[in-house]
Structures are given as structure tokens and as C-alpha cells.
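Okay, thanks for having me, everyone. I'd like to walk you through one structure today, piece by piece, so have a look at the picture first.

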Protein chains: 2
Amino acid sequence: MPGQSGGQCHTHASAWRHMLAGLFLGAGAMLSYGLYHRQQAEQAATTVQPVREVPTFPVYSQEEVAKHRTLADGVWVTYKGGVYDITDFVAVHPGGDKILLAAGGALEPFWALYAVHNQEHVLEILSGYKVGELSPEDSAQQAASSTDPYSSDPPRHPALRVNSQKPFNAEPPSEILSDNYITPNAFFFKRNHLPVPKVDPDTYRLEIQGLPKGPMSLSLAELKSKFPKHTVTATLQCAGNRRSEINQVKPVKGLNWGIAAISNATWAGARLRDVLIHAGYEPGVKGKHVQFEGLDRDVTGTTYGASIPVGKAVSEEGDVLLAYEMNGEELPADHGFPVRVVVPGTVGARNVKWLGKIALSEEESSSHWQQNDYKGFSPSTDWDTVDFKSAPAIQELPVQSAITQPAEGSVVERSQEEVTIKGYAWSGGGREVVRVDVSLDGGRTWHVAELRSGEKGQEAAASPPPGRAWAWKLWEVTAPLPPAAQELEIVCKAVDSSYNVQPDTVAPIWNLRGVLSNAWHRVRVKVSED
Amino acid sequence: MPGQSGGQCHTHASAWRHMLAGLFLGAGAMLSYGLYHRQQAEQAATTVQPVREVPTFPVYSQEEVAKHRTLADGVWVTYKGGVYDITDFVAVHPGGDKILLAAGGALEPFWALYAVHNQEHVLEILSGYKVGELSPEDSAQQAASSTDPYSSDPPRHPALRVNSQKPFNAEPPSEILSDNYITPNAFFFKRNHLPVPKVDPDTYRLEIQGLPKGPMSLSLAELKSKFPKHTVTATLQCAGNRRSEINQVKPVKGLNWGIAAISNATWAGARLRDVLIHAGYEPGVKGKHVQFEGLDRDVTGTTYGASIPVGKAVSEEGDVLLAYEMNGEELPADHGFPVRVVVPGTVGARNVKWLGKIALSEEESSSHWQQNDYKGFSPSTDWDTVDFKSAPAIQELPVQSAITQPAEGSVVERSQEEVTIKGYAWSGGGREVVRVDVSLDGGRTWHVAELRSGEKGQEAAASPPPGRAWAWKLWEVTAPLPPAAQELEIVCKAVDSSYNVQPDTVAPIWNLRGVLSNAWHRVRVKVSED
């Protein structure tokens with residue numbers, strides 16, 4: 001498995017680099033776009049008629065289209081059953097490299113995100129690039145085999161970088177993260193341990209056990225009507241985020257996540273605290289842990305499970321939700337429809353999706369994921385010596401940050417004299433990120449980045465109360481290019497409100513599960529002499 | 001000032017190294033102590049009589065005695081007005097190097113700590129080494145000049161390593177820390193910003209302001225009788241602990257603390273929460289910060305001050321005390337008699353001593369120490385660019401650990417085949433230390449240390465609740481000597497329950513105040529080939 005994951009990673013990373021290369025081709029041409037656009041539109045207007053009269057386009061399968069994802073292979077996209085070769089258009093696309101995210105697949109999900117495309121002249125331009133029709137079979141959603149437990153998994157956004165199809169695990173392109181303070185649902189990283197269960201919201205019951213009023217259950221309607229709706233913006237991060245860097249030290253078991261197994265959303269639902277009190281919880285009630293069980297199960301019927309300390313669950317300041325909304329929409333299937341737990345400040349693995357059961361207990365969850373996974377160990381501990389009981393289950397995560405732009409291996413032009421660097425920073429336990437330092441010389445000298453805690457121009461006026469900073473900060477810094485440098489080693493490191501910092505290097509935090517990867521993030525870019 | 005501090009440090013460090021050199025001389029000789037002790041006792045018994053008959057000892061001043069602190073200069077101590085040259089005894093002292101802590105000064109404070117000395121034969125042995133009488137002036141406590149604001153400062157233990165006399169700032173020898181889970185009061189690090197105020201407990205009043213019931217005050221008797229007495233074992237650490245390592249990167253302003261500006265004590269007093277509720281606090285009452293004012297003041301009358309977030313102050317789990325006891329004794333003068341604040345998990349600077357006033361406020365304390373000190377900055381920020389408003393006041397401290405034994409520059413014998421390393425580890429915010437990794441090769445390979453949360457054999461049965469681990473852990477590991485190594489670079493790093501780790505190196509956390517120094521601690525020792 002590690003070998004396979006690693007292989008996937010290299011393929012993806014390589015494709016990615018090719019795709020992003022388009023950014024720099026495109027950037028220079030954008031200034032002339034206004035003029036070019038009018039010319040193209042006129043050409044399109046005159047060429048559209050003949051095309052409609054002679055509909056002799058060849059038919060391509062989705063598989064064939066998918067082979068055209070780079071400028072070298074040609075850039076093909078599909079739209080409403082048509083196949084388009086937009087290779088020549090990439091350089092003049094006003095959105096720059098973004099267009100390459102759709103290469104080899106459908107335009108629709110991207111245009112849904114960027115509403116600017118819903119204009120007639122955009123369709124006119126596109127029609128000029130038509131080269132074929134998509135096969136009818138691929139145009140329709142493929143009906144998956146009924147023997148496949150993953151057959152009811154929902155469709156996903158094609159731009160996601162897939163680490164594993166079954167179960168589905170994928171992260172967005174990292175620049176998407178810093179483009180959106182609130183990550184759009186379609187791009188929010190997906191981390192499933194098992195097939196996505198199909199839950200009927202009308203018959204759904206949330207079981208509650210281990211509390212003074214005895215076992216009880218709630219329907220979805222009751223959960224929504226009986227308890228006040230609370231809204232919390234919280235960043236979730238997979239314990240394995242940035243595992244690919246740990247793999248470079250010495251390969252570990254686990255999905256080869258890049259830097260984007262982290263996303264930020266606004267969640268709404270009932271407070272777990274309110275539900276527990278409804279079920280009879282009060283101070284002094286026995287029980288140290290609140291266990292959660294998902295409705296997702298493996299072939300043996302074992303469900304996903306996790307637990308959190310009761311103090312976090314019942315605290316007014318803990319802000320733990322039984323969420324049924326994500327960014328103002330019904331919870332998507334991949335994110336736990338109809339109800340998931342959101343435990344702000346706590347590792348993704350405890351934010352149990354498709355929540356079926358809550359139980360107060362003296363014990364932690366007995367699940368594999370609580371007992372024998374998602375724990376940190378010394379670099380000296382390997383599979384032959386590990387004692388999973390010797391380490392605590394990960395709850396709060398350590399301080400983290402990463403560079404989303406520029407991309408590894410990209411090129412900065414000397415004539416620009418400066419470089420803009422963007423990224424995210426977050427810490428667990430509600431600790432606010434108070435500073436991000438960025439270096440262009442591998443950590444010798446530093447610049448202080450500007451932090452942002454909202455979409456640009458819509459930032460929060462005040463800091464959250466201490467210990468309740470659940471959402472990440474996006475950061476940006478523009479720094480002068482060092483005079484003689486031919487290559488930059490860009491580094492970022494964040495500081496949280498407890499003044500915890502990230503460690504300098506990865507090897508000393510290597511651990512056999514490849515979790516908790518939070519060393520300084522490093523990106524190498526070249527400086528071109530024009 | 002930085003230069004001066006640095007100079008003091010070098011002097012002390014150098015003296016220290018000489019003193020500790022005795023450890024290795026003494027260790028080999030200890031096995032034969034049983035026999036030697038009997039011989040000495042017999043000699044003492046026969047020589048004691050003539051000495052008493054002919055009291056012709058020369059008289060020495062304390063200053064002269066203080067010149068004899070090393071084996072090279074001779075090791076002199078005083079006891080009840082007598083001066084003793086114990087140079088020859090050092091090698092056979094059963095307590096090994098500990099005896100050198102008293103070199104050049106009085107034995108009484110050490111013997112008070114180590115009750116084993118209260119035996120007749122010990123006095124007999126000592127009498128054999130008498131060389132003089134201490135001058136009567138030095139025998140009596142020196143009456144300090146009445147114009148000196150520090151004249152009423154209390155006497156201190158002579159083994160403390162003094163960083164500044166006025167105000168008094170001193171840390172214990174670091175091996176004292178790992179020898180005692182609870183640091184004895186005399187050795188608890190002292191960090192005073194101003195002269196120690198002389199407070200009359202009978203007229204003492206604690207003023208309380210900014211709360212719904214209006215200004216009020218409490219006498220010491222009321223504080224003790226009106227509120228339940230709570231006991232909390234909590235580690236306090238100065239923000240400047242380990243500043244000497246930051247100074248080695250680039251000198252900063254501040255006391256040149258070694259690794260021992262941290263200590264652990266059991267505190268008892270009224271809960272701040274209870275006192276605030278008594279004064280009318282309830283949820284919803286306006287005020288974000290609880291300010292504290294000390295009774296210590298500078299020549300202009302400005303008092304020491306600090307504040308903490310109200311959430312910490314009123315939380316049941318915050319365990320903030322108005323302490324009047326330290327390790328079962330009345331609070332010592334150096335530690336805030338009669339009342340100090342103990343804010344577990346929070347930097348020492350907020351644990352205001354000689355507490356005179358508490359105020360609930362929308363604002364943080366306006367004191368210099370809250371506004372323009374005790375804050376962290378980027379390594380790129382220096383005095384010409386610093387904006388103190390741009391960084392939050394330090395409250396919770398980051399994860400920390402250090403090696404207390406062996407000492408820098410000491411020698412390990414190859415024939416021993418292994419080396420035992422000891423130290424402490426702690427984290428702020430009630431985060432429990434869950435692991436300490438120790439390396440003998442500068443961080444290439446690691447050993448996991450054993451952690452201890454009590455005196456040996458009296459360890460706590462269970463972990464504290466999450467977020468309430470206020471006390472440090474002592475740790476120890478015995479590791480085989482690497483076969484070929486001539487020198488060991490011993491390194492330790494701790495991990496807390498949020499899986500925060502210490503940074504690898506000091507330079508990237510350098511800051512102009514030299515606070516928050518928590519990089520891996522490194523100690524170099526030589527391996528002797530016998």
C-alpha cells in the first residue's frame with residue numbers, strides 16, 4: 001500500500017507541475033486579452049454557422065479526453081456533450097492557470113464555481129474550439145456495478161487530487177485553499193474510511209446512550225427543531241496532512257497527502273452540549289469520554305468510531321456541533337449527510353460523519369481508529385516495537401502552516417523584483433495563529449506575513465475569545481527578490497497564541513503512521529534572468 | 001546591561017564547571033566511604049579535645065571564605081561561626097558533588113535541606129577540618145543601609161545562581177530541579193522586578209474593583225476563612241528561561257537565565273473564581289481581562305502589574321489561585337507574601353506576587369510588563385522596527401524541556417558503557433507532556449525517556465483531566481554509549497498532549513527580548529577512554 005500510494009503521488013505531482021506551467025505562459029498574455037477577446041468573438045460568430053450545418057465531429061470517450069491534460073498533449077475539455085481542444089486558448093484565458101484545472105474533463109463544475117462564465121460570448125468563444133462529441137455512455141452518469149460497496153458514493157469534483165478512490169480520499173489543488181477563506185464544499189478535502197452510507201433523512205435516528213435519562217433517539221427533524229441552531233466556522237485537518245513530506249524521509253503506511261488535507265467551512269447544527277443535557281447530562285454525571293459511531297461500515301459490519309474527552313463535549317466554549325449544514329447547504333454526502341460531529345480544534349478523525357450513535361462512557365472508543373491509529377510516536381519507534389497503548393489518541397493538533405503559492409518548481413522572473421507568497425496557517429485547541437514568518441533563503445532571514453481571517457474585505461472585526469479560534473488564517477507576503485539568488489528556498493512557519501512554533505525539519509518528527517507532519521513547509525522556485 | 005549580564009553568566013558558568021568537576025573525582029571514591037568514615041570519626045574523636053583547649057584559630061571574613069570555592073583554591077565552608085577547610089573530604093562525601101554547592105559559604109541552609117546531617121558523627125567529622133573562626137560581623141546578619149530600597153529583601157540560599165542582585169533574580173543549580181519533583185522553596189527560582197515589599201499580614205488588604213458589587217477589600221484572615229482552600233501543584237516558568245541560548249545567537253536585553261528559571265510547587269489558597277463570584281461576578285458581566293497589581297513598587301511609586309483573560313480567571317477548570325501557602329508553608333517573602341496569584345499553565349510574569357489589587361476590566365493591564373515586554377516577535381524584528389502592539393502578551397507558554405544531568409562539558413567514562421540523562425519537561429495551558437525523546441548523536445537517533453509525575457515511588461496514579469496538567473514531568477533515560485563516539489551531543493525534545501513539539505534550533509525563534517526559548521536543549525559531554 002505505501003508503495004502504491006507513493007506511486008500515485010509522483011504521477012499526480014508530475015501532472016500537476018505540467019498543468020501549473022501554463023500559469024506563466026498565460027500571465028504575460030493577459031494584458032492583451034481585451035483586444036484578443038473581441039477578435040475571437042468575431043471569428044466565433046462567423047465560424048459557428050458552418051459547424052452547425054455540418055455536424056461531422058468524431059466521437060470520443062471520456063478516457064480519450066482524459067489523455068489531453070497538458071499543453072504538450074493538448075488541453076481538451078468537455079461541455080454539454082461536446083469535446084473542445086482549448087490548447088490555443090490557455091495562454092489568453094483571463095483566469096490564467098485556473099483553466100488547466102479542468103483539463104481532460106468537464107467544464108461544468110468549474111463554471112458552476114466561477115459564475116463569470118455564464119455569458120453568451122464565453123459560449124461563442126468555446127464553440128470555436130470544438131473538435132468532437134463525447135460518447136453517449138460517458139455523457140450519462142455511469143451506473144456503477146451493484147456489487148461494489150462504493151457504488152452509492154456521490155460524484156466528486158474532477159479537480160480534486162485523488163489519493164484513494166475506494167474509500168474516497170482526495171484533496172483540492174492547494175491554490176484553491178488560499179483563494180477562498182471558506183473552502184467551497186466541492187473542494188473541501190474528502191477523507192472517508194469506508195463507503196459513503198446512503199442515509200434516508202426521513203427514517204434517520206440518532207441513538208444516545210450512557211446518560212441518566214436512559215437510551216433515547218432523535219429524528220433529524222427533532223434534532224433541528226428541539227435545539228437552537230448554532231453556527232461555527234471551523235477548520236478541519238486530517239492527521240495525515242502533509243504525510244508526503246514524511247514519506248520522503250522514510251516511507252510510512254497511509255495515504256500520501258500533500259498540503260491540502262485541510263479546509264475551512266461554516267458549520268451549523270445543534271450543540272452536542274445541548275443534546276447531552278437533554279439526555280440528562282449534568283456536572284458530576286459519570287463518564288470521561290463521549291463516543292461517536294458512524295453509519296459507515298465495512299464488509300464485516302464494523303462501523304467507524306471515535307471519541308473525545310467529555311470536558312470538550314459539554315463545555316460551553318468547546319463549540320462541538322452535531323452539524324447538519326455546511327456552508328449554508330445541507331451536509332453533502334461526502335461530509336456526513338445527514339449529521340456529522342464537528343469538534344473544532346480537534347483532528348479530523350474525531351469529527352465523525354454519518355453519525356449514528358453517541359455514548360457517554362468511562363472509556364475511549366474501542367475502535368481501531370481511536371486505539372491503534374491516529375497516535376504519534378518517536379522516530380525510534382517502528383512497527384516491530386510500537387505499543388499503541390503507550391501514546392494518547394490525537395485530539396488537538398499542533399500548529400501548522402503551508403505555502404499554497406507559488407508552486408514547487410515554478411519560476412519567478414527576476415525583472416519582477418519581488419515575489420508574492422500565499423498560504424494558510426492554523427493551530428488546534430482553539431489557539432489563534434498570531435504570526436507567520438516567511439523566508440526566501442531557507443530560514444536564514446524572515447519576513448512577517450499579513451494574516452487574514454475572512455474573505456478579502458470581509459474580515460472579522462475582532463479576534464475570537466481566547467481558546468476559541470477555530471478557523472484558520474490565510475496569509476500573504478510580498479518580498480523583494482534577493483539580488484543574486486538563482487533559486488529560492490521559500491519557507492513558512494507559524495506561531496500560535498501559546499507561542500508554540502513549528503519544528504524546523506521533518507525527520508525528527510517522523511512517525512510510523514506519518515501523522516502530525518507540521519515541520520516548516522519548504523518550496524523551491526527558480527529565478528529566471530528573463 | 002546585556003553585556004554585563006553576559007559577563008556574569010560566563011563567570012558563573014565557569015565557576016560551576018569547576019565545582020561540578022568534583023562529581024567525577026568523588027564518584028569513584030564513594031564505595032570506600034564506609035571504611036573511611038569510621039577512620040575519620042576516630043581521628044576526630046581524638047583531635048577534638050586539644051582544639052577546644054587551645055582556641056587559637058585565625059578569624060576570617062565571609063569575603064575571604066568565599067574565595068575558597070574550588071578544589072584548586074581549597075573548599076571552605078562555615079558552620080555556626082566556625083570556618084572549615086573540607087577540601088580533603090570532598091572526594092569521600094557520600095552525597096558526592098552536592099557538597100560543593102556550599103563551597104565558600106554556610107553549611108546551615110544545605111543541612112536544613114538534607115536532614116541526614118543532623119547526626120553527632122557528622123559534627124565530629126566536620127570538627128576535624130576546622131581552620132578558623134568567622135568574623136563576628138559576618139556571623140551576624142549584616143544590617144543593610146537604610147537608604148537601599150532592597151534593604152528589606154529577605155536572605156537567600158547561597159547555592160542559587162544569581163543573575164541580578166537588585167532586583168533579586170536567581171535560579172537553582174539545575175540538578176536540584178531533577179532531584180526534587182517538588183522544588184524546595186529555598187531553591188524555587190526567584191524572579192523579582194522590584195524590591196521585595198514588607199507587608200504586614202495584620203493590616204494587609206486585597207482591593208477588588210470593577211465588579212458588580214462595587215469596590216471591596218479583603219483582609220488576609222477573610223481570604224483564608226471566607227473561601228475554601230484549594231491546593232494545586234503547578235510549575236511556574238519565567239518567559240526568559242534559557243535566554244542564555246538566545247544570547248549565543250545574538251545578544252538580547254534581559255537577564256541571562258540558564259535552564260533553571262522554572263520550578264514546581266504545591267500552592268494553596270482561595271480560588272480567584274470564588275473571590276470574583278463573591279464580588280458579584282456572573283456570566284454576562286462585562287470585562288475581558290482580570291488585572292492584578294502588586295505591592296512592589298519602583299522609586300516613582302509605579303507598581304508591578306499584569307492581567308489574564310477573564311475566561312481563565314473564572315473557569316472552574318482554570319485552577320487560578322490567590323495563594324497564601326507554598327509547599328505547606330506560609331508564602332515566602334520572595335514568592336509574594338502574604339498573597340500571590342498562581343495562574344497554572346501561564347507564564348510566570350502573570351502570577352503577580354505581593355498582590356494588592358484585582359480589577360475586572362475591558363482592557364489588559366496597562367503596565368509596561370503587559371504592554372511592552374513579555375511578547376514574542378519574529379527574528380526579523382529588532383528594536384528599530386518593533387511595534388509592541390503587534391504581538392499578543394504571552395499567556396500560555398509553549399512546550400519545553402531541558403537536560404539537567406549530565407552537565408555541559410562533563411566526562412562520561414567509556415567503561416561505564418552507558419549514560420544516564422535526566423531532565424524536566426513541561427507545557428503551558430495545562431497540556432500534559434506525553435513523551436520526551438533523547439538523542440546522544442545530536443538528533444540523528446532517539447531514545448524515549450521514562451516520565452515521572454511525582455517524587456520517586458509517590459507518583460500520581462492517574463493522569464490529570466485533559467487541559468489541567470499544570471505540573472511538569474521529570475524524565476530519565478539510560479542509553480548505551482555509541483561505540484566510537486568521543487563526544488556526545490545530548491539532545492532532548494518534549495511532546496505535549498496537543499502533539500506540539502519543540503523547534504530544532506534557536507536562531508529561528510530568536511526575538512529581541514529573548515523570551516520563549518524552547519528549542520531542543522543540547523549538552524555536549526566527552527567520552528573518556530579511561
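Let's start with some vocabulary: two strands count as paired if DSSP finds at least two bridges between them. One more thing before we use that: what you see is a predicted model.

Now, with pairing in hand, take chain B. Here five strands make an open sheet, and reading across, the order is β20-β27-β26-β22-β23, with mixed pairing. Who sits at the edges? In chain B, β20 (411–413) and β23 each have a single partner strand, so one side of each is left without a neighbour in the sheet. At the β23 end, β22(B) and β23(B) run antiparallel and are held by two bridges. If you want a spot to zoom in on, find D437(B), which stands opposite V448(B) in β23(B).

As a general reminder, side chains in a regular strand alternate between the two faces of the sheet.

Let me hop over to chain A for a moment. There, strand β21 (residues 411–413) and strand β28 (residues 521–528) pair in the parallel sense, over three bridges. For example, E413(A) has S528(A) in β28(A) as its bridge partner. Strand β27 (residues 487–496) of chain A is joined to β28(A) too, by six bridges, and that pair runs antiparallel. In that pairing, E487(A) is matched with K526(A) in β28(A).

Back to chain B, where there is another open sheet to see. It has four strands in the order β19-β21-β25-β24, and the pairing is antiparallel. The edge strands are β19 (400–405) and β24 (450–452) of chain B, each pairing on one side only. On average, neighbouring strands of this sheet are turned by 30° against each other, if you ignore direction. Between β19(B) and strand β21 (residues 418–426) of chain B there are five bridges, antiparallel again. One place to look is I403(B), which stands opposite G423(B) in β21(B).

Okay, so how do the two chains sit together? You can lay chain B on chain A with an RMSD of 0.1 Å, using a turn of 180° and a shift of 0.0 Å along the axis. The two copies are thus related as by a two-fold rotation axis. If you want to find that axis from chain B, go to P503(B): its C-alpha is the nearest one in the chain, 2.0 Å away from the axis.

And where do they touch? There are 39 residues of chain B in contact with 39 residues of chain A. On the chain B side, the elements giving two or more residues are β22 (433–439), β23 (447–448) and β26 (487–496). The biggest giver is β22(B), with three residues. By type, this side of chain B splits into 20 nonpolar, 14 polar and five charged residues. Here's a neat bit: 100% of the interface residues of chain B are also interface residues in chain A, so the copies meet through the same surface.

Next, the inside. The largest nonpolar core has 262 residues, and the ones with the most contacts inside it are L322(A), A323(A), L322(B) and A323(B). Pick L322(B) and look around: among the residues it touches are L223(B), A270(B), V339(B) and L355(B).

Not everything buried is nonpolar, though. What about N169(B), buried or exposed? With 23 other C-beta atoms within 10 Å, N169(B) is buried, since 20 or more is the cut-off. You'll find N169(B) in strand β7 (residues 169–171) of chain B. Its contacts include N163(B), K190(B) and L255(B).

Last stop: the odd bits of backbone. Most residues other than glycine have a negative phi, and most peptide bonds are trans. So here are some exceptions. F337(B) and P338(B) are joined by a cis peptide bond, with omega about 5°, and P338(B) sits in the loop between β16 (329–330) and β17 (340–342) of chain B. Another cis bond runs from Q405(B) to P406(B), with omega near 0°; P406(B) lies in the loop between β19 and β20 of chain B.

For positive phi, check R242(A), near 65°, in the loop between β12 (229–237) and α10 (243–249) of chain A. L516(A) has a positive phi as well, about 60°, and is in the loop between β27 and β28 of chain A. With 29 C-beta neighbours inside 10 Å, L516(A) counts as buried.

That's my tour, thanks for listening!

Notes
Residues are numbered from 1 along each chain as its sequence is written. Chains are lettered from A and ligands numbered from 1 in the order in which they are written. This is a predicted model: local features need pLDDT of at least 70, side-chain atom pairs count only at pLDDT 80 or more; totals for chains, interfaces and linings use all residues. Copies are superposed by least squares on the C-alpha atoms of residues with pLDDT of at least 70 in both. Two residues are in contact if their C-beta atoms, placed from the backbone, lie within 7 Å. Ala, Val, Leu, Ile, Met, Phe, Trp, Tyr, Cys and Pro count as nonpolar, Asp, Glu, Lys and Arg as charged, and the others, Gly among them, as polar. A nonpolar core is a set of buried Ala, Val, Leu, Ile, Met, Phe, Trp, Tyr and Cys residues joined through C-beta atoms within 7 Å. A residue is buried if 20 or more other C-beta atoms lie within 10 Å of its own, exposed if 12 or fewer, and partly exposed in between; C-beta atoms are placed from the backbone. Axes are lines fitted to C-alpha atoms, for helices over the stretch in contact, and angles run from 0 to 180 degrees between N-to-C directions. Lists of a residue's contacts leave out its neighbours within four places in sequence.
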